[in-house]
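Work through the exercises below with the model open beside you. Try each task before reading its solution.

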Amino acid sequence: MIFDVDMETMPREELEQLQLRRLKSLCERVCANVPFYANKFKEKGIEPKDINSLDDLRLLPFTEKQDLRNHYPFGLFAVSRENIVRIHSSSGTTGKATVVGYTKRDIKNWSNMMARSFAAAGATTEDVIHNAYGYGLFTGGLGAHYGAEALGATIVPVSGGGTRRQVMLLKDFASTLICCTPSYALFLYETGKELGIDFRDLPLKAGVFGAEPWSDSMRKEIETKLNIKAMDIYGLSEIMGPGVAIECVEEQNGLHIMEDHFLPEVINPETGDPVAPGEIGELVITTLTKEGIPLIRYRTRDLTRLNYTACRCGRTFARMQRVTGRSDDMLIIRGVNVFPSQIESILIETEGLSPHYQLIVEREGNLDLLTVNVEMSPGIFSDEIKNLQKLERNIQSNIKEFLGVTAKIKLVEPKSIERSAGKAKRIIDLRNQG
C-alpha cells in the first residue's frame, strides 16, 4: 500500500521541480530568520537568488552537529518560540544537547511521513502496532505514535523497558507490527522463550527497526525467529526523527527517502565534494519543508550510497543503502548516541583516574554491551578493593545519568592501556567480529 500516492509516485522531473521551488524558499527563509545562515551565506558570497538549479546546492554551506550545540538551545530556530509546539533533544557533550523544535505543520508532515513508512512496511488501518521505541525527548516513540494514528492503525504506546510485560502484551493485544531496535526484537524473542511463548505463534507479520546499525544477517535472524518481514527505517532527530527513509516490503532493498521533504546528496567526507553516482560516501540532507529548525546541507556522518533506479513498489523516491558505518567516532548503543568525548568528560572530572581509557563494544546474545576500561592514577592503585568497587559504581551511575546508557566500568592499572604517537585508539568495536 502507498499512503500518499501523489507524492510518493511523482514523476522524477516533477519531483525535482518541486524540490527546487522548496529549496529556493528555504534559502530565503533561513537568510531572513536565522542569523547563523545569513552570516554563512554572506561568508560564501551567495544570496538566495543565486540558487537556480538543484546543482547549485553545492554552493551552499554545510551544517554540522556542533553548530546546533554552539547555538544551544534555540539559536537555529527559524520561527518565534510561540510557534514551536514541541521540542525534542538528544544527548550532547558536557550537557550541551542538540535541540530541535517543531511547528504544527512540522508535526503534521512528520506524522504523514511516518504513516507513509508504516504503509511501506505493509501496515493498514487493520493493524495493531506495538511501539517499543522510547517516549520523551527521544524522537522515536512519539514519531512512530503519531504516524500510526495518521495511518489509522491501532497504536500500543508501550515505550521501552518491562520486557516480560511487553511479551505478554504482544500476545494479549494480538499486535501485528512491532517497532523497536533490532537488538531489542531479538531480546523480546529470547524472553518469550523463557515465558513459554513462541513468537512464530503470534499474529505479528512485520517489524520496523531502526535507531542502531544492523546487518542483513541480523535481519535474517529476526525474520526467521519472529516469522515476520523486517524493515529498516532511518531518521535522526536533527533532521526530523524516524521516517526520513524506509524500506518497502516489496523489495527490502534500500530505504526510500522522503524526497519531497528532504534533499539528499552523498559527499566525500574528507573533501566535501560530491562522489560519483552510486559511490559510497557521507549522507548530507537538506530539509526542504521544516519550519521550526530548517537545516541546509546537514552532515549526518552516516556512510551510504544512493540508488535512483526504479523500484517495483512504484515509489519514485531515491533509495539509500543501509548505513554501512559513520565518518566520525560516534557509537550507537541500544539506540543511544554516545561519543567518546562525552565519556571522557565524565572520567576527567572523576578524582583518582588518569585520562587514558578505551571503550569496548561487544554483542552478548542480541544486545550491545559497553565496557569502559580506564586507568587508575598511581595514588589509588593500591587502594582497598571496596573503595575501588565504589568508584566503579559511581562512574557507572554518572554515565547512566548523563548519557542514558549502562556501561560496565573496569579500573585498570596505570600505564596498561597502549599509548600511541598518533590518534589514540579509544574505541574497540567487536560487534562485527567472529
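The exercises that follow concern a predicted model.

**Exercise 1. Classify the packing of helix α2 against helix α3.**

Step 1. Locate the helices. Helix α2 covers residues 12-33, and helix α3 covers residues 35-44.

Step 2. Take the geometry. The two axes come within 5 Å and cross at roughly 110°.

Step 3. Apply the cut-off. Angles from 65 to 115 degrees count as roughly perpendicular. So α2 is roughly perpendicular to α3.

Step 4. List the contact. Cys27, Val30, Cys31 and Asn33 come from α2. They meet Pro35, Tyr37, Ala38 and Phe41 of α3.

Step 5. Sort by class. The contact of α2 with α3 has seven nonpolar residues, one polar and no charged.

**Exercise 2. Do the same for helix α7 and helix α8.**

Step 1. Helix α7 spans residues 163-172, and helix α8 spans residues 182-194.

Step 2. Their axes lie 9 Å apart, at an angle of about 80°. Therefore α7 is roughly perpendicular to α8.

Step 3. On the α7 side, the contact uses Thr163, Arg164, Gln166, Val167 and Leu170. On the α8 side it uses Tyr184, Phe187, Leu188, Thr191, Gly192 and Glu194.

Step 4. The class count for α7 with α8 is five nonpolar, four polar and two charged residues.

**Exercise 3. Decide whether strand β2 is enclosed or open.**

Step 1. Count burial. Strand β2 runs over residues 98-102, and five of its five residues are buried. So β2 is largely enclosed by the rest of the structure.

Step 2. Check both directions. Thr98, Val100 and Tyr102 point one way from β2. Val99 and Gly101 point the other way. All are buried.

Step 3. Find the partner. Strand β1 (residues 86-90) pairs with β2 in the antiparallel sense, over five bridges. One register check: the bridge partner of Ile87 is Gly101 in β2.

**Exercise 4. Trace the neighbours of strand β3 and the handedness of its crossover to β4.**

Step 1. Look at the faces. Strand β3 (residues 128-131) is covered on both. Val128 and His130 are buried on one side, Ile129 and Asn131 on the other.

Step 2. Pair β3 with strand β4 (residues 154-156). The two are parallel, over three bridges. Val128 stands opposite Thr154 in β4.

Step 3. Follow the chain. From β3 the path passes through helix α6 (residues 139-151) to β4. This β-α-β crossover is right-handed.

Step 4. Add strand β5 (residues 177-180). It also pairs with β3 in the parallel sense, over three bridges. Here Ile129 stands opposite Leu177 in β5.

**Exercise 5. Give the strand order and edges of the sheet that contains β10.**

Step 1. The sheet is open and has four strands, in the order β10-β11-β12-β15. Its pairing is antiparallel.

Step 2. The edges are β10 (262-267) and β15 (325-326), each pairing on one side only.

Step 3. Strand β11 (residues 281-287) joins β10 through six bridges, running antiparallel. Pro264 stands opposite Ile285 in β11.

**Exercise 6. Describe the sheet that contains β18 and the helices that pack on it.**

Step 1. Set the order. This open sheet of four strands reads β20-β19-β18-β21, with mixed pairing. The edge strands are β20 (407-412) and β21 (427-429). The twist averages 20° from one strand to the next.

Step 2. Take one pair. Strand β19 (residues 367-376) and β20 run parallel and share six bridges. Asn373 stands opposite Lys410 in β20.

Step 3. Place helix α10 (residues 340-348). It lies across β18 (353-364), β19 and β21, at about 135° to β18.

Step 4. Place helix α11 (residues 385-403). It touches β18, β19 and β20, and its direction makes about 140° with that of β20.

Step 5. Inspect α10 burial. Its buried residues are Pro340, Gln342, Ile343, Ser345, Ile346 and Leu347. Their cover includes β17 (336-338), β18, β19, α11 and β21.

**Exercise 7. Place Glu384 and state its exposure.**

Step 1. Glu384 sits in the loop between β19 and α11.

Step 2. Its relative accessible area is 46%. Partly exposed lies between the 20% and 50% cut-offs. Glu384 is therefore partly exposed.

Step 3. Compare with Asp201. Glu384 and Asp201 are 183 residues apart in sequence. Their C-alpha atoms are 53 Å apart in space.

Technical notes: Residues are numbered from 1 along each chain as its sequence is written. This is a predicted model: local features need pLDDT of at least 70, side-chain atom pairs count only at pLDDT 80 or more; totals for chains, interfaces and linings use all residues. Side-chain values use heavy atoms; hydrogens and water are left out. Axes are lines fitted to C-alpha atoms, for helices over the stretch in contact, and angles run from 0 to 180 degrees between N-to-C directions. Angles under 35 degrees count as roughly parallel, over 145 as roughly antiparallel, 65 to 115 as roughly perpendicular and the rest as oblique. Contact means heavy atoms within 4.5 Å. Ala, Val, Leu, Ile, Met, Phe, Trp, Tyr, Cys and Pro count as nonpolar, Asp, Glu, Lys and Arg as charged, and the others, Gly among them, as polar. Two strands pair if DSSP finds at least two bridges between them. Buried means under 20% relative accessible area, exposed over 50%, partly exposed in between (1.4 Å probe, protein chains only). A crossover is right-handed if, with the strands pointing away from the viewer, the path from the first strand over the helix to the second runs clockwise.
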